[in-house]
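The following exercises concern a metal site and the cysteines of one protein. Please work through each task before reading its solution.

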Amino acid sequence: MGAGGRGWDWGSLLLLLLLAASCTGRNVLLLIADDAGFESQVYNNTAIKTPNLDALAQRSLLFQNAFTSVSSCSPSRAAILSGLPQHQNGMYGLHQDVHHFDSFDQVWSLPHLLSQSGIYTGIIGKKHVGPEAVYPFDFAYTEENSSVLQVGRNITRIKLLVRKFLQSRQDRPFFLYVAFHDPHRCGHSQPQYGVFCEKFGNGESGMGYISDWKPLYYSSEQVKVPDFIPDTPAARADIAAQYTTISRLDQGIGLVLEELRGAGLENDTLVIYSSDNGIPFPNGRTNLYRSGMAEPMLVSSPWHQQRWGQVSQAFASLLDITPTILDWFSISYPNYSIFGNKIVKLTGKSLLPVLVSEQPWATVFSSQNHHEVTMYYPMRSIQQQDFHLIHNLNFKMPFPIDQDFYISPTFQDLLNRTKSGQPTHWFKTLHQYYYRDRWELFDQRKDPAETQNLVSDPKYREIFQQLKTQLLAWQWDTHDPWVCAPDGVLEEKLNPQCWPLYNEL
Ligand SMILES: [Ca+2]
């Protein structure tokens, strides 16, 4: 050691070494499935086989109450990667093609913040957010430079890209976001591969071959039909195809984790698994009902083994992912504004404390404006313990239907049965689905399917007012331009407030 090193004692040296280790040894792997739900063994679905998710769950805390902040792909991914709800980050609807939505240029996203702190960032699979300057990644194989089927569903290709990413990081700490396109439907975009792309890569003539995938097949009789889906032969066949695609997702997760293990990084890496929105079935995706918002979530930290294999009832939101990852890397959120002088604050929380001991978290918020550009149906919601309040701002309009879902076998069957007056085997009518009350309040303990709107029940008046007040406070906190809708106008200058419209609402 040179003369300059004489001042170091062993304690300081050890501290320095520990600091260096803490900066280089902490990594994050974020696994997001596309339109996945609870069709897995880890959520007690005994009809389907998902051994790789099962293995991950044994090293994870499993969340029983995790929710997306918006039940639509791009808005949810923008919320995951910014920690801001869609009305605050600007990604009001889908990003691709004519839908054309983007986040505001001023948003400080997770990959941007991590990159500034010297963390190597990568994305493999479906990006579906923009602009590029807001969501930059050092390593990117997405639909922007590759075939989304290849980088999002070909699990052999995904495995090799993960290997390439890990080799190219040069010992830097990393954030790798693997955004599977499975188990999204593809009857709308690539019908030749089946309704859920369940034939893509299965080795049959014209389907291509994914060498690592061993497709699992299910009969219509075998599948478990969720309560919010009509139990019909059409829906059962649809679900059986979805299960086969989930087998590709599950085996893909196994391959990605195997790469992590093979590179010796399993014990330095936080792994989070979830999905962007509800499953693409009636009452699911694009809805803020529980069936559209509830998500699977596994959080696996090698440094918090005390709760491995346990189940948490604490409420978690996908808005918590950004604060959790910033906390993991000990990076603070910057002080900045998107518009004017309103300082942006994250309303999510770090999930790391619940990996140590159960937390009393019992509230989540959500916000939706569009899915496709034509599907303007703004909604805001709060879930607190057993209660769920939804505010349908444009409740006088029929609830919109997306193209992809419209042609699905389940919805076509529902339409045909309704048109011809046959039993639908659904828990609501199409009329009820299209036409909703302005406020919907459900008591999930008594009514898990959310069929009884309690808003006008005097017994629930107090809880209704309380949830309404909390929801409104969150809208103000997150600078929601819709905070005064539908019966007021927001005047923001000087002292922001709502002015009444006297529009009979
Ligand atoms: Ca999605």
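**Exercise 1. The calcium site**

The donor residues of the calcium ion follow the sequence spacing D-D-x240-D-N. The model is a predicted one, in which local features need pLDDT of at least 70 and side-chain atom pairs count only at pLDDT 80 or more, whereas totals for chains, interfaces and linings use all residues. Residues are numbered from 1 along each chain as its sequence is written, and side-chain values use heavy atoms, with hydrogens and water left out.

*Task.* Identify the residues that coordinate the calcium ion, and locate Asp 35 and Asp 276 in the fold.

*Solution.*
1. Donors are N, O and S atoms within 2.8 Å of the metal (3.2 Å for Na, K and Ca); water is not among the atoms, so sites may look incomplete.
2. Under this criterion the calcium ion is coordinated by Asp 34 (OD), Asp 35 (OD), Asp 276 (OD), Asp 276 (OD) and Asn 277 (OD1), at 2.2 to 2.8 Å.
3. Asp 35 belongs to the loop between strand 1 (27–33) and helix 2 (51–57), and Asp 276 to the loop between strand 6 (269–275) and helix 9 (290–293), so the pair ties together parts that are 241 residues apart in sequence. Helices (H or I, at least four residues) and strands (E, at least two) are DSSP runs, numbered from the N terminus.
4. Asp 35 and Asp 276 are both buried. Buried means under 20% relative accessible area, exposed over 50%, and partly exposed in between (1.4 Å probe, protein chains only).

**Exercise 2. The disulfides**

*Task.* Determine which cysteine is joined to Cys 186 and which to Cys 484, and state the handedness of each link.

*Solution.*
1. A disulfide is a pair of cysteine sulfur atoms within 2.5 Å; the structure holds 2 disulfides.
2. Cys 186 is bonded to Cys 197, with an S to S distance of 2.3 Å. The torsion about their S-S bond is about 110 degrees, so this disulfide is right-handed.
3. Both Cys 186 and Cys 197 are buried.
4. Cys 484 is bonded to Cys 498, with an S to S distance of 2.0 Å. This link is left-handed, with -80 degrees about the S-S bond.
5. Cys 484 lies in the loop between helix 15 (461–477) and strand 14 (488–491), and Cys 498 in strand 15 (residues 497–500), 14 residues apart.
6. Cys 484 is buried at 5% relative accessible area, whereas Cys 498 is partly exposed at 34%.

**Exercise 3. A cysteine outside the disulfides**

*Task.* Is Cys 73 buried or exposed, and which cysteine sulfur is nearest to it?

*Solution.*
1. Counted along the chain, the bonded cysteines pair as 1-2, 3-4.
2. Cys 73 is in no disulfide, and the nearest cysteine sulfur, that of Cys 197, is 14 Å away.
3. Cys 73 has a relative accessible area of 4%, so this residue is buried.
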